Amino acid sequence: MQVKAIKTAPFKDQKPGTSGLRKKTSVFKTPGYLENFIQSIFDCMKEKRAIVLGGDGRYYNNEAIQTILKMAAANGIGKVLVGKGGILSTPAASCVIRKYGLSGGIILSASHNPGGPEGDFGVKFNIQNGGPAPEAVTEAIFRRSLEITEYKIIEGCGEIDIGKVGKSRLHQTEIEIFDPVSDYAALMEGLFDFERINGLLRSGFSMRFDAMNAVTGPYAEEIFERRLGAPSGTVINGTPLPDFGGRHPDPNLTYAKGLVDLMFSPGAPDLGAASDGDGDRNMILGKGIFVTPSDSLAVLAANADTVPGYKDGLKGVARSMPTSAAVDRVAETLHIPCYETPTGWKYFGNLLDADLVTLCGEESFGTGSIHIREKDGLWAVLFWLNILATRNKGVAEVVQGHWRRFGRNFYQRHDYEDLDQDTARLLIERLRNALPGLKNKVFNGYEIEAADEFSYEDPVEGGLITGQGIRIMLKGGARIVFRLSGTGTSGATLRIYLERYEKVPDLHIQEPKDALRGLVSAADGIARIKETLKRDEPTVIT
Ligand code: G16
């Protein structure tokens, strides 16, 4: 067994996006590609005491773990904790980094993107606080990847067994294979009223959790079925599969269609929920109702006093800019600050570390809190269960009651996927150039009150982040946002976020597509979407 320095040449495309480096699996399998990026991470780590390593179980997960373990040992990492079988959800990784004071973590996932040889793979690097590496760190890693000339790896050591809990040594590095579920489940037990939720689940309340054959299966079975006593079969698609059973592990109305159909059928359970590839996203449904992630965040904030972990009140809340302003109204009522950040969980890290906010969330099916530094799918489901158990109400009743109290923010996101990159960039560029002349213009009856490109000054560190999406604010409180996704692996995805506030309770029961129809036409008028993209419909509406 010996440390070898292997000569390599930089790849020019290793710039991390909204959340880590995501590429086609075939790109990651190019000789040296994974190795270069991992070496760049190790080169940028100030402290190399101990890291956690694991992934969402997708195709290439375990081969990548073998490579990274051999590189970690060659790079002098003191200890590597590996989730048994290579399994580790993103929230569990964050939990473990914080609980054991690790130097960071490497999570192998392309989140909600499909897996398999033709699918996507990804690498995320989390820092000491348990959260995604902030911009300054990912930039440093990218710069390093452009100048790399060699990577270090142990050769002649054979396969490392990651299938059994236990400790071993690789060169000077301690390797500990640990149960990826137990620390996370214990954290959840400390936050929520498990006794009360157990009572709810024994009282005839039914739920279905779709793990989408991704990482949350083992966590959900342990927490819902074993610790909380839900009947077996509550968790469906609970076995992590390398190709997620051929599905997109993306919990939304399009890709979790089976669950959505069930929840809108006569025999629907009381609560339906799903999570994504790496377990940080969540979708919440009740009988005949889909709760938008923006509404879900607002409901959690308004009912946080029912949950033991948050009973002392919230310091503040935060949402990403394209997320609806539903939570802002709750913050106003609770007299707490509400922060608006760019898209990307990494922007919540400083606010949480500085204790400025307790809950945060995004329209992209992410909700979380100060308990870790990642969004957390199962945590959100437990939060909902805790609310339902305490309030003794159904999902629809809770949501409709919320709208009556705060008004309803009708909300939809329209995604145009797999676009030609130049065309998508051109559309945004044209909008950017049109911004100064948009004020007071009227599109389909909507008058523009203000328009800008969102930028954010971090209130803790002070850095300015620019170019974070085009915002069109309309008279009467409606809003349209245009931005390009930072998580895709082929072509470009244009996201259009549509929001309209409605105070009048009798009008809350409209379907979002009806309530937002006029706004959709206004968006097309402003950005000439159909004409430019030559598409009649979005690929996905959530
Ligand atoms: C990632 C980020 C989220 C972000 C989402 C969508 O989620 O962690 O903060 O909201 O991507 O980003 P975009 O609109 O740029 O595609 P995940 O679950 O994919 O890691």
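This passage describes the aromatic pairs and the ligand surroundings of a predicted model. Local features were considered at pLDDT of at least 70 and side-chain atom pairs only at pLDDT 80 or more, whereas totals for chains, interfaces and linings use all residues. Residues are numbered from 1 along each chain as its sequence is written, and side-chain values use heavy atoms, with hydrogens and water left out.

A search of the whole structure yields 13 aromatic pairs, a pair being rings of Phe, Tyr and Trp (its six-membered ring) with centres within 6.5 Å, classed as stacked for planes under 30 degrees apart, edge-to-face for over 60 and tilted for the rest. Phe28 and Tyr33 form an edge-to-face pair, with 5.4 Å from centre to centre and 85 degrees between the planes. Both Phe28 and Tyr33 are buried (under 20% relative accessible area, with a 1.4 Å probe and protein chains only), and they belong, together with Phe11, Tyr60 and Phe121, to one aromatic cluster.

The ligand is surrounded by 19 residues, the closest being Glu362, Arg483, Gly486, Thr487 and Arg495, where a residue is counted if one of its heavy atoms lies within 4 Å. Polar side-chain atoms of Ser111 and Ser19 lie at 2.8 Å and 3.4 Å, respectively, from an oxygen atom of the ligand, and an N or O atom in the side chain of Arg483 is 2.7 Å from a ligand oxygen atom. Of the 470 Å² of accessible area that the ligand has on its own, the protein covers 99%, as computed by the Shrake-Rupley method with a 1.4 Å probe.

Technical notes. Buried < 20%, exposed > 50% of the residue type's maximum accessible area, 1.4 Å probe, protein only. Polar contact = N/O pair within 3.5 Å; in protein donor to acceptor, adjacent residues only side chain to side chain.
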